[in-house]
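User: Please take a close look at one helix of this model, and then place it in the context of the chain around it.

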Amino acid sequence: MPAVSKGDGMRGLAVFISDIRNCKSKEAEIKRINKELANIRSKFKGDKALDGYSKKKYVCKLLFIFLLGHDIDFGHMEAVNLLSSNKYTEKQIGYLFISVLVNSNSELIRLINNAIKNDLSSRNPTFMCLALHCIANVGSREMAEAFASEIPRILVAGDTMDSVKQSAALCLLRLYKTSPDLVLMGEWTSRVVHLLNDQHMGVVTAAISLITCLSQKNPDEFKTCVSLAVSRLSRIVSSASTDLQDYTYYFVPAPWLSCKLLRLLQCYPPPEDGAVKGRLVECLETILNKAQEPPKSKKVQHSNAKNAILFEAISLIIHYDSEPNLLVRACNQLGQFLQHRETNLRYLALESMCTLASSEFSHEAVKTHIETVINALKTERDVSVRQRAADLLYAMCDRSNAKQIVAEMLSYLETADYSIREEMVLKVAILAEKYAVDYSWYVDTILNLIRIAGDYVSEEVWYRVIQIVINRDDVQGYAAKTVFEALQAPACHENMVKVGGYILGEFGNLIAGDPRSSPLVQFNLLHSKFHLCSVPTRALLLSAYIKFINLFPETKATIQEVLRCDSQIRNSDVELQQRAVEYLKLSSIASTDVLATVLEEMPPFPERESSILAKLKKKKGPGAVSVTDLEDSKREAGELNGGGDRAPDASAMVASNASTPSPSADLLGIRAGPPVGTAPTGAGSLLVDVFSEAGPAAPSAAVHDDGFLSSAPPSEDPAPPLSEADELLNKFVCKNNGVLFENQLLQIGIKSEYRQNLGRMYLFYGNKTSVQFASFATTVSCAGELQPQLNVQTKPVEPLVEGGAQIQQVLNIECLTDFSDAPLLNIKFRYGGALQNLTLKLPVTINKFFQPTEMSSNDFFQRWKQLSQPQQEAQKIFKANHSMDTEVLKAKLLGLGAALLDNVDPNPENYVSAGVIQTKGQQVGCLLRLEPNAQAQMYRLTLRCSKDSVSRRLCELLAQQF
C-alpha cells in the first residue's frame, strides 16, 4: 500500500476533531458542527475549484460528523469525484465515504459503478482492491447485477496479483450471500475449486470461505473440492512449523486454513475414493497424535490454535461416523479435557461428547467417563457447563447405568439452577421411563421427582406415570401403596395430590385390606388436601370420590355428605358445582350395577409416542438442536409399552366407557383415537402389537384407526433409488441408529427398535438450509415380492419443514415371512421452487428380527449337526474389507442381533452366534460361525438355518460387514 506523505496529515481535520472533543456541552458540539457544515457547504458551492487535497479533507470532516450521529445531505458528488483521482489517499477517502453514506437507491449509483469499473479494469492492484472492498461493503443487489459476472474473471485470471485474488474471493462471497441468484459460477466452477492448489496461502484461505458457501448450496457442482481439500490439509498437517513461516501462528501451521478445510469436508459424506479417504484418515490421526504432544509454547494463543484444529477434526470424525477407531480416540481425547483448568475447553469437550454418545461405535467409550461427568455436574461453577454435563449424562444413559444416572440427576435437582430445572425434570422422567425394567423403581423415581421439584413437573410427566400404571397390572398395587405413603407427608405438592387422587381412585382397593390404608383412611387423607388445591385438582378429587363409592360402598354416606355440603353444590366455580351435583345424584339413584358400569376401571391407553419427549423437544425450541446433532433426540425416541398420549383427565375417569374422550380430555393437544387393541403388558417388551387390527396391505395407502398409513405400491413417478442406496443400507445391517442419508439440503436420521416380528422405526428429516421446504411428502413402498412378506405402516409428515428445523416420522413394521429386498422410501419436496425427488432403501433387513438364543457348547454343535442338509448351509470365504480388530468384530456381531456365544468354539479365535428369526408365520433358527485368518487377512463365514433362503440372505449381508 502506498505510503502516506507528510502533507496528507490533514491538519484542518485534526483541529476540527480536537474542537469537538473540547466541547463542554451537547449544545456547544452542535454549534461547532453547524459552523463547520456551513463552511464546507460554502467551499463546495464556491466559484473557485477545490483541489484534491481540500476535497478529501472536507469529505473526511463530513464523514466524521456522520459518525457522530448527525445527518449529512450533501457532499456525495464531491466524494464520487474523488474516485477518479490517481492518488491513493484521495481515492481511499472517496470509497470510504461511499461505503458508509451512499445507499443502494442513490441516484449516484451509476456514476459510482462506472468509477468502480474503471478501477477494476486498471492494472493497478491497489485501486482494484479498493474497488472490490467498496463492492463488498455496499453489497447491494445493484452492485451484484453490475459486477457479479466480472469478479469471477478477475479471481481466476492468471495475471491477477495474489492480494487482488483474496479481495475478489471475499467480495464474491459477500455478493453471493446477499444475491445468490445473481452470482452464477457456471464455467468458472472448476477454476475456482482449483484455487485450493494455489501456492499463496492467503488466496487459499480466502477461496475456501467462498467454496464452502457455494458447496452448501450446490454440493454436486463443487464435489471435486473434496480431494483437493484433503490434499491441502495433508500438506499442512504433515508440515513443520518452519515450512509455513509466514502462516505459522505460535508454532501451529496455518490454523485458520486448517479449520476451514475441515469445515469444508463436513459439507460432504466420506470420500468414495479409497486413496483419498485413507489420506484423510491419516490427517485426522496426525491431528489427534499432535494433540497428545507436549506444547511447544506456554502461551494461551498456542493452545487455542491447536485446540481449534483438534475440535474441528473431532467434528469431522463425528460427522462421518464411519471410523470406529477414530471415534474412540476422539472420545478419549475429549475425556482428557473434561478436567482441564480452562472452562471453555471443558464446555466444548462435554458438548462434543454428547454427539459422540449417539454413535454406536463410541457410546461405550463415552460411558467410561461417567464419574468425571457426574463430578462436573456437582462441582462446576459455571451453570452452562453444568447444563452440558447434564446433557451428556442424558445422552450416555443406557440400561446398564440408568439407575445411577437418574439417581445423580435427582440429587442434583435439589440444588440445580432454576433456569434448567424444568428441562432436567423432563430428562429424568424420559430416562426413568425408557430404561425401567423394574416398574416399581419407575414409580418411586417419578414420585421422588414430584417431591423434589414439584413446581417444575409439567402435566405431561404426571400424565405419563398414570398412563403406564394403568397399562401395567404388575405395578398398580405398588403404585397405590407408594402414593398413599407419599400423601401422608405434611407438605405435599399439588402434583402429588393429582397422582394420588387418580391412582387411589382407580386402584385404592388393592391396598384397602390393610387397616392402615382402609377406605375411610384413604378418603380422609385425600380430602385433607382438598382445601389447599386449585380448581382443576379439586375436580379430579371429586371424580376420585365418586370412584370410591363404587369401590368401597361403606364410604358412600361420608362422601355423599361431602358432596352435599354448600361449599360443593353451591360452589362459585361452575365445573366443581356441576360435578358435585351430578355425582351426588348419580350415587343416590343409580343401582349398584349401573354404578359399576359407569365407574368401571379405566381401560389401557393406546400406544403413542411419549409426550414427555415431545415436550423436551419443544422446550429446546425450533432449530436449537441442529440437524448434524439430531442423534441426541433419536436415542431417546423409544418408549415403554402401554404408554399413551391421551391425558388422564378427571372427567375421563368417570366416563371411562365412553367411545371417545370428552373435549376436556385432550389436554396435550394430541387427540388419541379409540384403542385399536389392548396393549400387551409383558415385562421387558418395548413394543406393542400395533398391527393387531391391521389387515393385509391395501393396493393404496389405507388410513388405520391409529393414524398410520399402510405401505403403498410405488408412486407414479418416484426417482430411481440412488446409486449409493445399497451402500447406505449395508451401513445399518449391524446398527439401528445413525444418519441414513445426507446432502447439502437434507439430512435423514434413523432410530429403530425390534421385538420378535415387530419393529418401530423413527425417521428424522432435518432441513439443513435456511429456506423452507414446501410440499414435503414421503412414501414407503414394498414392491413386487416384498409386499406379502413385509407390512409397513407410516405416519404422515408435516408438508412444511422450516429452515433449520427437523420433523419426525414413525413407521411400524411387521415381518410376515422371510424376505430379501428392502422397502423403498421416496421423498419429494420443493426447495426454492425446484422439485427435489429422491429414493432410498430403508434399512430393514431380515436380521433385524433376530431373537438372541443362549446355548452351551454341546447344545450348539448338536444343533449344528442337525442342520446338516446342503441347502441349509451357506458359506463364503472372502478378503477382509475392514480392520480385523477384535472389539470391532464383537460389536458388529452383537449388532447383528443374535447372541454372541463365548467359550463355545474349540478355536478361541473363532466367533459363533445363535438366534431365532421371528416372522408372523414361522420361526427360523440360525447358527453362525465366523473364522478369521489375521495372517492372510481373510474370513470364512458359515451360516446354517432351518430355511435355506434365510441362510443365503444372511450370508450375503454379513460378508459385506467384515
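Analyst: The helix examined here is α25, residues 459-471, whose 13 residues should span 18 Å at 1.5 Å a residue, and because its end C-alpha atoms are 18 Å apart, the expectation and the model agree. The expected span is 1.5 Å times one less than the number of residues in the helix, while helices (H or I, at least four residues) and strands (E, at least two) are DSSP runs numbered from the N terminus. This is a predicted model, in which local features need pLDDT of at least 70 and side-chain atom pairs count only at pLDDT 80 or more, whereas totals for chains, interfaces and linings use all residues. Residues are numbered from 1 along each chain as its sequence is written, and side-chain values use heavy atoms, with hydrogens and water left out.

As for its surroundings, α25 is largely enclosed by the rest of the structure, because 12 of its 13 residues are buried; buried means under 20% relative accessible area, exposed over 50%, and partly exposed in between, with a 1.4 Å probe and protein chains only. Among the buried residues of α25 are E460, W462, R464 and Q467, together with V461, V465 and I468.

In the wider chain, 54% of the 962 residues are buried, and the fold comprises 40 helices and 17 strands. The largest nonpolar core (buried Ala, Val, Leu, Ile, Met, Phe, Trp, Tyr and Cys residues joined through side-chain atoms within 4.5 Å) has 200 residues, and I116 and L449 have the most contacts inside it. A second, separate core holds 65 residues, including L746 and L943. Setting aside neighbours within four places in sequence, I116 is in contact (heavy atoms within 4.5 Å) with Y95, A131, C134, I135, M143 and F147. Of the contacts between residues at least 6 apart in sequence, 70% join residues at least 24 apart.

N509 offers a contrasting setting, since it lies in the loop between α27 (494-507) and α28 (519-527) and is partly exposed, with a relative accessible area of 37%. Residues up to four places away in sequence not being counted, N509 touches L551 and F552; N509 and L551 are 42 residues apart in sequence, yet their C-alpha atoms are 6.5 Å apart in space.

V100, in helix α5 (residues 88-101), is likewise partly exposed, its relative accessible area being 36%.
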